[in-house]
Amino acid sequence: QMLRPPRAAAYLGISPKTLSKWRWEGVGPPFKRAGRCILYAPADLDAWLSSRTFTSTSEADHAA
């Protein structure tokens, strides 16, 4: 089941506005487009979260 941005943002624990900003900047999770509709696959969200796993805050700061 594909998620629209509000549900994808809730899944990630962020605001829809943040998700939109990340989409614009190209730093967020991958998404699909169906016409004007933006869709996120839960598996893509999980994979993106897994790729953002760090062992220290300084490591995370350098990845941003």
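**Entry 1: the core**

I began with the largest nonpolar core, which has nine residues: Leu3, Ala8, Ala9, Leu12, Leu19, Ile38, Tyr40, Leu45 and Trp48. I then looked up which elements give two or more residues to this core, and found α1 (5–12) and α3 (42–51). The largest share comes from α1, with three residues. I note here that the model is a predicted one.

**Entry 2: the chain as a whole**

I stepped back to the overall layout. The chain has four helices and two strands. Read from the N terminus, their order is α-α-β-β-α-α. The C-alpha trace spans about 40 × 20 × 15 Å along its principal axes.

How many of the residues count as buried? I found 22% of the 64 residues in the chain. The accessible surface is about 4700 Å², and carbon and sulfur atoms account for 55% of it.

I also looked up contacts between residues at least 6 apart in sequence; 41% of them join residues at least 24 apart. For charge, I noted 9 positive and 5 negative side chains, with 15 Å between the centres of the two sets.

**Entry 3: aromatic pairs**

I looked for paired rings and found two aromatic pairs in the structure. In one of them, the ring centres of Trp22 and Trp48 are 5.4 Å apart. The planes of these two rings stand at 45 degrees, so I entered the pair as tilted: it falls between the stacked limit of 30 degrees and the edge-to-face limit of 60.

Where do Trp22 and Trp48 lie? Trp22 is in helix α2 (residues 16–25) and Trp48 is in helix α3, so the pair ties together parts 26 residues apart in sequence. Trp22 is partly exposed, at a relative accessible area of 22%. Trp48 has a value of 13% and is buried, because buried means under 20%.

The other pair is Phe31 with Tyr40, whose ring centres are 6.1 Å apart. Their planes are at 55 degrees, so this pair is tilted as well. Is Tyr40 buried or exposed? At 0% relative accessibility, Tyr40 counts as buried. Phe31 is partly exposed, with a relative accessible area of 35%. Tyr40 and Trp48 had already come up in my list of core residues.

**Entry 4: Ile38 and Arg4**

I went back to Ile38, one of the core residues. Which residues does Ile38 touch, if those up to four places away in sequence are not counted? I listed Leu3, Arg4, Pro5, Arg23, Phe31, Lys32 and Arg33.

From that list I picked Arg4, which is in the segment before α1. Arg4 counts as exposed at 53% relative accessibility, because the cut-off for exposed is over 50%. With neighbours within four places in sequence left aside, Arg4 is in contact with Cys37, Ile38 and Leu39. I also checked Arg4 against Gly28, 24 residues apart in sequence; their C-alpha atoms are 14 Å apart.

**Entry 5: Ala47**

My last look-up was Ala47, which has its place in helix α3. Ala47 counts as partly exposed, with 47% relative accessibility. Its C-alpha atom is separated by 8.4 Å from that of Pro29, and the two residues are 18 apart along the chain.

How values were computed. Residues numbered from 1 in each chain as written. Predicted model: local features only at pLDDT ≥ 70, side-chain atom pairs only at ≥ 80, totals over all residues. Heavy atoms only, no water. Buried < 20%, exposed > 50% of the residue type's maximum accessible area, 1.4 Å probe, protein only. Contact = heavy atoms within 4.5 Å. Areas by Shrake-Rupley, 256 points an atom, 1.4 Å probe, with all protein chains shown as cover. Lys, Arg positive; Asp, Glu negative; His and termini not counted. Charge placed at Lys NZ, Arg CZ, Asp CG, Glu CD. Core = buried A, V, L, I, M, F, W, Y, C linked by side-chain atoms within 4.5 Å. Phe/Tyr/Trp six-rings, centres within 6.5 Å; stacked < 30°, edge-to-face > 60°.
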